[in-house]
Amino acid sequence: MIIDGRRVAVPHARVLTWADDRAVIELGENRQRRRARVRAIVLHTTWGQLGPLVLGAGSPAGRGYVAANARATDKSWDFTVDRDGTVFQQNDPARWFTWHAGAANPFSVGIEMVQALTGELYEVQVRAAVELIDALAREFGIARLVPWRRGGPDLRVLPTVRAGRLELLHGLFAHANFTDDRGLGDPGPFAFRVLQATKGWVGVEWGAAGVG
Ligand SMILES: [Zn+2]
């Protein structure tokens, strides 16, 4: 991937940027200059559907989303993780922020996992997202925290968000942590569970006054 103009390795993932593939068009008008420190990652699914986790890889469908991301005028995101595990990058998140999670945009990076309307995600896709998230956390010094409650990922709108205390947030979040407009399927629990179980990320409960 490309961070602040430099190549940064993402172990165990294949990342294609605008410098690697002419069809992976770098965003233009639908982003803004980054001024705040990057302290959060927001994970999404394209349809917001809660479906099953399927073993293996799915058929690729990400390039259509990549093209749509380049064309859109009202929303955008940084990375697209395809159903076969390929990652597409269209923005340098050290220099610009994209428009994927409202008030969280200025301090976050947005990742979309490609879905069909039926909502399934694939094992290799979730693994690629996990490797990308872990590499971004290392690169930006983002806390390895996942929202957790009652023994599993917390996919509700967080009390911290309801209290308007976004300045307290750091770590990985679900799009559904920020808005009532997206349900549990944006992005579902799988990547959170894998990060907690295999990468040493810590589940924390977010309250109105932050963690704890
Ligand atoms: Zn979303």
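Two strands pair if DSSP finds at least two bridges between them. Helices (H or I, at least four residues) and strands (E, at least two) are DSSP runs numbered from the N terminus. The model is predicted: local features need pLDDT of at least 70 and side-chain atom pairs count only at pLDDT 80 or more, while totals for chains, interfaces and linings use all residues. Residue numbers start from 1 along each chain as its sequence is written.

**View A. The whole protein, with four helices and 17 strands.** The C-alpha trace spans about 45 × 40 × 30 Å along the principal axes of the protein. Of the 212 residues, 46% are buried; a residue is buried if 20 or more other C-beta atoms, placed from the backbone, lie within 10 Å of its own, exposed if 12 or fewer, and partly exposed in between. Two residues are in contact if their C-beta atoms lie within 7 Å. Among contacts with a separation of 6 or more, 76% join residues 24 or more positions apart.

**View B. The open sheet of six strands.** The strand order is β3-β8-β7-β10-β5-β14, and the pairing is mixed. Strands β3 (15-17) and β14 (171-174) stand at the edges. Each of these edge strands has a single partner, so one side of β3 and one side of β14 are left without a neighbour in the sheet. Neighbouring strands here are turned by 25° against each other on average, direction ignored. Axes are lines fitted to C-alpha atoms, for helices over the stretch in contact, and angles run from 0 to 180 degrees between N-to-C directions.

**View C. Strand β10 and its parallel pairing with β5 and β7.** Strand β5 (residues 40-45) is joined to β10 (residues 108-113) by six bridges, in the parallel sense. In this pairing His-44 faces Glu-112 of β10, and Thr-45 stands opposite Met-113. Strand β7 also runs parallel to β10, over three bridges. Val-81 stands opposite Met-113 of β10. What stands opposite Met-113 in this view, then? The residues are Thr-45 and Val-81.

**View D. The two covered faces of β10.** Ser-108, Gly-110 and Glu-112 lie on one side of the strand and are buried. Val-109, Ile-111 and Met-113 lie on the other side and are also buried. How many residues of β10 are buried? Six of the six are, so β10 is largely enclosed by the rest of the structure.

**View E. Helix α1 across the six-stranded sheet.** Helix α1 covers residues 62-71. This helix lies across β7 (79-81), β8 (87-89) and β10. The direction of α1 is at about 165° to that of β7.

**View F. Helix α2 and the glycine that follows.** Helix α2 (residues 123-140) has 18 residues and reaches 26 Å from its first C-alpha to its last. The buried residues of α2 include Val-124, Val-126, Ala-128, Leu-132, Ile-133 and Leu-136. Polar residues are on the buried list as well, among them Gln-125, Glu-131 and Asp-134. After the helix comes Gly-141, with a positive phi near 70°.

**View G. The open sheet of three strands, with helix α4.** The order in this sheet is β13-β12-β15, with mixed pairing. Strands β13 and β15 (202-204) are the edge strands, and each pairs on one side only. Strand β12 pairs with β15 in the parallel sense, over three bridges. Leu-145 has Val-202 of β15 as its bridge partner. Helix α4 lies across β12, β13 and β15 and runs at about 110° to β12.

**View H. Loops with uncommon backbone geometry.** Most residues other than glycine have a negative phi, and most peptide bonds are trans. Asp-4, in the loop between β1 (2-3) and β2 (6-7), has a positive phi of about 50°. Asp-4 is exposed, with 12 other C-beta atoms within 10 Å. Arg-150 sits in the loop between β12 (145-149) and β13 (152-153), and its phi is positive too, near 50°. Is Arg-150 buried or exposed? Arg-150 is exposed, with 6 other C-beta atoms within 10 Å. A cis peptide bond, with omega of about 15°, joins Asp-186 and Pro-187. Pro-187 belongs to the loop between β14 and α4 (190-198).

Note on methods
The expected span of a helix is 1.5 Å times one less than its number of residues.
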